Amino acid sequence: MAIYGATLLNLALGLAVLTQIVLFIHIRWRDERLFHVGQRMALGVSMLVTLAAATLTVLLVKSAFEVDYVAHFTSKETPLLYKFAALWAGQAGSLLFWLLVLSIYSAVVIFQNQRKRSDLMPYVIAVLTGVQLFFLFMVNFSTNPFIPVNADFIPSDGLGLNPLLQNFAMALHPPTLYLGYVGFTVPFAFAIAALVVRRVDAAWVRGIRRWTLFAWLWQSIGIILGGWWAYNELGWGGYWAWDPVENASFMPWLTGTAFVHSIIIQEKKEMLKTWNMILIISTFVLCIFGTYITRSGAVSSVHAFTADKFGQLFLAFVLVIIAISAYLVISRRQVLKSTKRMESMLSRESGFLFNNVIFVSLCFAVLWGTLFPLISLKLMGREISVSIPFYNQIAIPIGLLLLTLAGVGPLLAWRRTSKESLIRNFSIPLVIGLGAIAVFFVMGIKSIYPLMTLGLSFFVLGTISMEFYRGIRSRTKRFKENLFTALVAMTSRNRSRYGGYIVHLGIVFMFIGFVGKAFDSEVEATMSRGDHTELAGFKFTLQEVEEKVRPNHNALVAELNVEKDNKIVDTLNPEFRIYFPRTNREQQHSELDLQTGIMADIYSVFSGADHTRGLYAIKIMINPLVWWVWLGGYFLVAGTIIAIWPRKKKE
Amino acid sequence: MFAEIMILLTFAVLVIFIVQPLFATHVAIHSDTEDDEMQTLQLRKEIIFRQIKEAEMEHDMGNLSDEDYKRTRLMLKEEASLIIDDIEQQGKS
Amino acid sequence: MNKKFAIVIGAIAMVIVIWTLTGFSEYELPYVTVKELKEDNVLQPGKRVKMGGTIVDGSRQEIAEGWRFDLAQDEMSINVLYSQQTVPDMFHNKRVEVIVEGNYKNGEFHADNLMTKCASRYEGELEEDI
């Protein structure tokens, strides 16, 4: 069966090459039938890839250990869900998964555009197939998921998935990110097509609006899920560490967010066309780059970066994309030029322009920090990496700038904003923001960044609330609707606008959550039964430690009472586990326990034990405002779904 | 044996699916550039009209001062009339 | 886009770029090898560096302030003092690669940060059915 899978991939590669040839002939000699043939070939590639992915899935589920990939990432006792998830656990499988998602997206794009006779389509399909070609090349020749085990026997059991990774969020994290990464290929394809045929007006931008939001949504979910997993599973008490792999997912998100906003201006005012081209090309390149960073193991030591074949092939692909895109943008620069000019700095157009500049600058800073080890290695012979404070030093002020824009931008008028509008729109939110700063200052927060963040957050909350309030009020006055009906009707008729506001609301909540990081506290203690320790006004008593024997691990379960003002507010049960005890796969794991609160999380880790002497190492952290980050995440998702939700077409 | 059969079957189905258009008697003709131009103009007109409505809504809500609203409306109506002229030109040619 | 805009945009971008490129040195973390630390005396004592290697099995010792262990790389090893009690789970594995950050003082490495390489699978050997 593995042979079937491998052959499918061979066929797909060949067919993809053929597709490009046929489409080229169609474009050159204008034979209409060949467009249809080419289209069907592209669909054929999609079908072959889907069948290949299905084959690998079946092999995984059936535990066919004669296949190297199956033997490495599953074992007999791996639960079914994680046998499925093993599809994207390893390098070869995840590239096939990338291909699978792209194949499905390509097929959808083809079906979506059946009726519309757009002259962009041959080029769109060519680009989509071209990207698939690269990945098909990789899975056929560089990292093939179907290769048999390198031994002359069939293993009796596989190595299995690390129990650390057998966690719901971790299973979902790669596919959500890929749905996003791959999703940006579609707008990219349309952008290239538009450049080639020199039709760079609003049409292509309008066509890809939903795709862009869809890709952005999944990318955002993927990033947040990653942070959630780190916080809830890894036990260091944080959700973001500016680690190269995290940065690799964040950078395309930054340019992608700029793009999502910037295309609004192109659609309405026919400006920022060149910006949009550069933004989508950068986003796509960064997605490919991100996939490479995550799957190549270049993380811990940059020495492996381009040394191996896998890295070199990805690098070559990235360079080809950049070269072709640059050529197209430069040769089409006349059509990309805008006929209109920006008049005032206090206008909606300029707000979006500043937005672009700031997002791209932040992306540059993160890129610099991520690539610096490689750059320093090449230039100075020594690998120098950058510690976390570097990123925070740049990201925090830029983040605050963006937060300000989120509040100010939507209320500026086109071309220029009159003083009257400014006063009318910003007086109250300004007062709220300043008031918030005063209140928090009095409450004891004296550091500048937390104060500014809170002040700006409340400012933006003020502007968004005012927007909702005014919108509802104007409807209730005009149409005599009640509050709720007005809200629903208003949101439904202006999904982009109000969906967008809800997303911004989510971002504001997340910033409030980030403020909490400045006030984290922790304590480490070695305790015996009955001992207690204190932190931030809470008293933690180790009541009991119980031994438990479970199917694949033994555990020591601690019972930690949490008291405040002499009242027990919670009991935490962090665990110290040993997986596969007394085998050569024995592994320790601390399963943390935490209590989530709106104001703070109480976080406990059972990090070590000397059971015979009854001594247990417990680490406790108080992490304020983390809940707000997840709340913001929910709002972000909800707002985007509203913005994407299609309207019923009027016949 | 099973694998070979599956491969042959897949291949056969694919080939049939792909070459079908070459034998089709009726092929849809691709729209020519004039239609595309018209389409672009119509799209522009729709976008401008939508913006006029939006400006009305914003003024109603109180976001846009009277001064800004008048100016925005004038600007958009000018754009709209230019586009409508272009559309009429296209229609005649 | 008129001149005034270009200047403002350019200025903002310049500021951020220059800040990025220069606001650097205090956050630099050079990667050094065990050999360099012990023999070559490359860096000023007390400068914060990053080092990687494998933990020598059997050298792990829990102490009052944290942990002591030997870190091996290219047939040389160095004693590391890690100042936290809580260690990542994989610290205890038989064969684990770690990266430590800290500085080198008096023949031993004082680490305040320790990271283990993320393993998505076990290193091990496939066994045949007998």
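**Note on the predicted model: cores, sheet, Trp228 and the A–B contact**

1. The largest nonpolar core in this predicted model has 209 residues. The residues with the most contacts inside this core are A:Ala12, A:Leu96, A:Leu99, A:Val124, A:Phe190, A:Ala191 and A:Ala193. Helix H2 of chain A, residues 32–61, contributes the largest share of the core, with 14 residues.

2. Apart from the largest core lies another one, of 25 residues. Its members include A:Phe372 and A:Ile384 from chain A, together with C:Val32 and C:Leu71 from chain C. As background, nonpolar side chains tend to be buried together in soluble globular proteins.

3. A:Val124 is one of the residues with the most contacts inside the largest core. Leaving aside residues up to four places away in sequence, A:Val124 touches A:Val109, A:Ala189, A:Phe190 and A:Ala193. Of these partners, A:Phe190 and A:Ala193 are also listed among the residues with the most contacts in that core.

4. Chain A contains an open sheet of 4 strands in the order E2-E11-E10-E9, with antiparallel pairing. Strand E2 (521–527) and strand E9 (593–595) are the edge strands, and each pairs on one side only. On average, neighbouring strands of this sheet are turned by 15 degrees against each other, direction ignored.

5. Which strand is joined to E2(A) by 7 bridges? The partner is strand E11 of chain A, residues 615–624, and the two run antiparallel. Within this pair, A:Thr526 stands opposite A:Ala617 in E11(A). In general, the strands of a sheet pair through backbone hydrogen bonds, either parallel or antiparallel.

6. A:Trp228 sits in helix H10 of chain A, which covers residues 209–234. Is A:Trp228 buried or partly exposed? A:Trp228 counts as partly exposed because 17 other C-beta atoms lie within 10 Å, whereas a buried residue needs 20 or more.

7. The contacts of A:Trp228 include a partner far along the chain: A:Trp630 is 402 residues apart from A:Trp228, yet their C-alpha atoms are separated by 8.0 Å. Not counting residues up to four places away in sequence, A:Trp228 touches A:Ala169, A:Tyr239 and A:Trp630.

8. The contact between chains A and B takes 33 residues from chain A and 31 residues from chain B. On the chain B side, helix H1 (2–19), helix H2 (33–61) and helix H3 (66–92) each supply at least two residues. H1(B) gives the most, with 9 residues. By type, the chain B side divides into 17 nonpolar, 9 polar and 5 charged residues.

Key: Residues are numbered from 1 along each chain as its sequence is written. Chains are lettered from A and ligands numbered from 1 in the order in which they are written. This is a predicted model: local features need pLDDT of at least 70, side-chain atom pairs count only at pLDDT 80 or more; totals for chains, interfaces and linings use all residues. A nonpolar core is a set of buried Ala, Val, Leu, Ile, Met, Phe, Trp, Tyr and Cys residues joined through C-beta atoms within 7 Å. A residue is buried if 20 or more other C-beta atoms lie within 10 Å of its own, exposed if 12 or fewer, and partly exposed in between; C-beta atoms are placed from the backbone. Two residues are in contact if their C-beta atoms, placed from the backbone, lie within 7 Å. Two strands pair if DSSP finds at least two bridges between them. Axes are lines fitted to C-alpha atoms, for helices over the stretch in contact, and angles run from 0 to 180 degrees between N-to-C directions. Ala, Val, Leu, Ile, Met, Phe, Trp, Tyr, Cys and Pro count as nonpolar, Asp, Glu, Lys and Arg as charged, and the others, Gly among them, as polar.
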